[in-house]
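Good morning, everyone, and thank you for making time for this. I would like to walk you through one structure, going from the fold of a chain to the way the chains meet.

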2 protein chains.
Amino acid sequence: MKFKLPKTPAVYVKGKSFRLADVDPDDTKPFAHHPDDRDEATPRLLALRQRLSELQELLYAEHKRSLLIVLQAMDTGGKDGAIENLLTGVNPAGVLVASFKAPSKEELDHDFLWRIHAQAPKHGHITVFNRSHYEDVLITRVHGLIDEKTCKQHYEDINNFEQLLMNSGTRILKFFLHISKDEQAKRLQARLDDPAKNWKFDPNDLKERAYWDDYQDAYEAAMRHCSSGDAPWFVIPANEKWARDLAISEIVVAALEDMDPQPPKPDFDPKAQVIE
Amino acid sequence: MKFKLPKTPAVYVKGKSFRLADVDPDDTKPFAHHPDDRDEATPRLLALRQRLSELQELLYAEHKRSLLIVLQAMDTGGKDGAIENLLTGVNPAGVLVASFKAPSKEELDHDFLWRIHAQAPKHGHITVFNRSHYEDVLITRVHGLIDEKTCKQHYEDINNFEQLLMNSGTRILKFFLHISKDEQAKRLQARLDDPAKNWKFDPNDLKERAYWDDYQDAYEAAMRHCSSGDAPWFVIPANEKWARDLAISEIVVAALEDMDPQPPKPDFDPKAQVIE
């Protein structure tokens with residue numbers, strides 16, 4: 001790993017022997033605090049937010065490098081909540097959330113990384129991909145839209161693409177929010193039971209749910225092929241929302257501390273400036 | 001006006017007789033509270049943030065309309081701080097800040113609204129323009145890069161462009177952060193005196209400062225020509241940061257309350273869904 005990992009329930013995917021089934025979605029160790037209200041931010045999360053806000057300002061001032069955060073999950077896995085809890089409090093001028101839905105006809109007329117590249121982070125920015133180029137080795141694979149050979153090519157294309165971004169100063173962190181099938185059932189039911197949440201429910205989610213095991217296999221394979229110390233995948237146990245958010249924040253802040261962004265030295269003499 | 005204006009120090013620009021010199025940059029009336037620490041958020045600002053966060057989620061859920069906030073100011077006028085204080089706490093997935101700098105060569109090969117149009121807000125989004133298409137009737141006019149006739153055409157093009165956005169569901173609010181020339185001197189000096197703020201100082205700002213009166217004239221003319229009840233310009237007295245931020249938040253929240261976004265009704269029967 002490029003930086004010292006903080007102690008969290010997150011599992012860094014290393015090597016071809018990684019097994020997703022070995023990661024417990026309920027795990028919250030070594031976090032000690034377990035609030036009664038699971039949606040409540042812990043004091044530690046608030047401290048991390050404050051630090052993230054400072055580091056982001058330094059990154060923006062430096063204006064040479066950037067941070068890309070890739071978020072993937074099964075439906076109801078908590079991507080929206082995780083983004084909100086990570087970034088609320090950070091200056092929105094230095095942050096961009098790119099959400100990738102089903103590609104448009106024009107996007108399909110290009111290679112699968114074309115629309116992704118267009119959203120790559122600017123200097124000084126933190127960009128979050130809510131879904132990403134990994135959908136092209138997940139949903140397409142599960143539904144047989146690509147064959148094994150194409151899928152392997154895609155892994156290689158993805159690794160080369162991420163290397164390109166890293167070569168020009170982008171740090172990459174990838175998080176898979178790992179929930180259990182039972183937890184998904186609970187969350188889908190909650191969206192049906194609460195009229196204020198009905199709009200978040202999509203009947204198609206039930207069809208995709210039937211492919212649960214295939215998706216787990218596809219995620220496992222993608223992470224095995226596309227995780228490295230430079231552009232790591234982390235599996236985040238995500239049944240407990242507070243632990244999920246805390247783990248992500250710890251890792252993001254640790255990565256930025258390691259980047260140690262520095263405002264540029266002025267190329268003028270501050271004492272020689274005369275304001276009239 | 002399209003909605004009932006809350007009581008703030010902001011001045012709504014109405015008609016050709018508007019005079020910028022009549023607006024006092026120090027004005028904080030009718031706000032009663034004046035915190036000792038001017039950067040400190042007032043309890044009212046915190047309440048407005050909370051409400052803005054709720055309204056933004058509803059706008060996102062509705063996914064039919066959007067809000068465009070245009071921010072203009074003289075250098076050090078406080079655009080960055082205003083954006084941070086308005087939007088911190090709002091889910092960054094529904095917000096985009098577009099910063100317009102000097103146009104690139106490719107952008108100059110198109111009409112002046114081409115690059116602006118590309119950043120127009122998506123359905124469900126709040127987009128903030130940090131500088132905007134108005135630069136093309138400000139800096140260009142002050143430095144004689146366009147003549148009077150072209151400037152008048154630009155006003156018309158701008159009004160037609162904003163009408164197009166409104167016709168497809170975008171509400172537009174435009175804010176000029178109004179500081180005094182003395183206040184700018186103080187803020188520039190502060191950037192020189194504090195090494196941690198040196199990176200925010202640009203010696204070119206001193207050159208532009210010499211054109212202060214020309215800029216005030218250009219702002220006044222632009223606001224006279226391009227303010228209406230549908231797409232209003234507001235002059236925000238901005239010497240006092242806390243009053244500036246509170247005024248903007250009050251107006252933004254009032255506009256969103258007036259829009260009254262509604263999550264869509266489900267097109268399925270929540271009770272008939274079976275999760276297996």
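**The sheet, and how the two chains meet**

In chain A, 6 strands make up an open sheet of mixed pairing, in the order β1-β6-β5-β2-β4-β3, where strands (E, at least two residues) and helices (H or I, at least four) are DSSP runs numbered from the N terminus, and two strands count as paired if DSSP finds at least two bridges between them. The edges of this sheet are β1 (11–12) and β3 (95–99) of chain A, each of which pairs on one side only.

Before I go further, please keep in mind that this is a predicted model, in which local features need pLDDT of at least 70 and side-chain atom pairs count only at pLDDT 80 or more, while totals for chains, interfaces and linings use all residues. Residues are numbered from 1 along each chain as its sequence is written, chains are lettered from A and ligands numbered from 1 in the order in which they are written, and side-chain values use heavy atoms, with hydrogens and water left out.

Let me stay at the β1 edge for a moment. β1(A) pairs with strand β6 (residues 233–237) of chain A in the antiparallel sense, over 2 bridges, and within that pair A:Y12 stands opposite A:F234. Turning to the helices, α2 (residues 79–87) of chain A lies across β2 (66–73), β3, β4 (126–130) and β5 (170–178) of chain A, and runs at about 150° to β2(A); for such angles, axes are lines fitted to C-alpha atoms, for helices over the stretch in contact, and the angle between N-to-C directions runs from 0 to 180 degrees. Helix α6 (residues 148–167) of chain A also packs on the sheet, where it touches β2 and β5 of chain A, and its direction makes about 135° with that of β5(A); contact here means heavy atoms within 4.5 Å.

Now to chain B, and to strand β2 in particular. Strand β2 (residues 66–73) of chain B runs parallel to strand β5 (residues 170–178) of chain B, to which 8 bridges join it, and it pairs with β4(B), again in the parallel sense, over 5 bridges. On the β5(B) side, B:L71 has B:F175 as its bridge partner, and B:L68 stands opposite B:I172; in β4(B), the residue opposite B:L71 is B:N130.

Is β2(B) enclosed or open to its surroundings? All 8 of its 8 residues are buried, so β2(B) is largely enclosed by the rest of the structure, with buried meaning under 20% relative accessible area, exposed over 50%, and partly exposed in between (1.4 Å probe, protein chains only). Both faces are covered, since B:S66, B:L68, B:V70 and B:Q72 on one side, and B:L67, B:I69, B:L71 and B:A73 on the other, are all buried.

Let me turn to the two chains together. Chain A can be laid on chain B with an RMSD of 0.0 Å, by a turn of 180° and a shift of 0.0 Å along the axis, and the two copies are thus related as by a two-fold rotation axis; the superposition is by least squares on the C-alpha atoms of residues with pLDDT of at least 70 in both copies. Among the residues of chain A, A:G89 comes closest to that axis, with its C-alpha at 2.8 Å.

How many residues does each chain bring to the contact? Chain A gives 36 residues and chain B gives 36 residues, and because 100% of the interface residues of chain A are also interface residues in chain B, the copies meet through the same surface. The area buried between chain A and chain B, that is, the accessible area (1.4 Å probe) that the two lose on being put together, summed over both, is about 3,200 Å², of which carbon and sulfur atoms give 66%. On the chain A side, A:P92, A:W199 and A:I275 lose the most area to chain B, together 21% of what that side buries.

I will end with two residues of chain A. A:P203 is placed in the loop between α7 (181–193) and α8 (204–209) of chain A, is partly exposed at a relative accessible area of 31%, and, leaving aside neighbours within four places in sequence, is in contact with B:F268 and B:Q273. A:Q273, in the segment after α10 (241–259) of chain A, counts as buried at 18% relative accessibility, and, with the neighbours within four places in sequence again left aside, A:Q273 is in contact with A:F268, B:L192, B:F201, B:P203 and B:L206.
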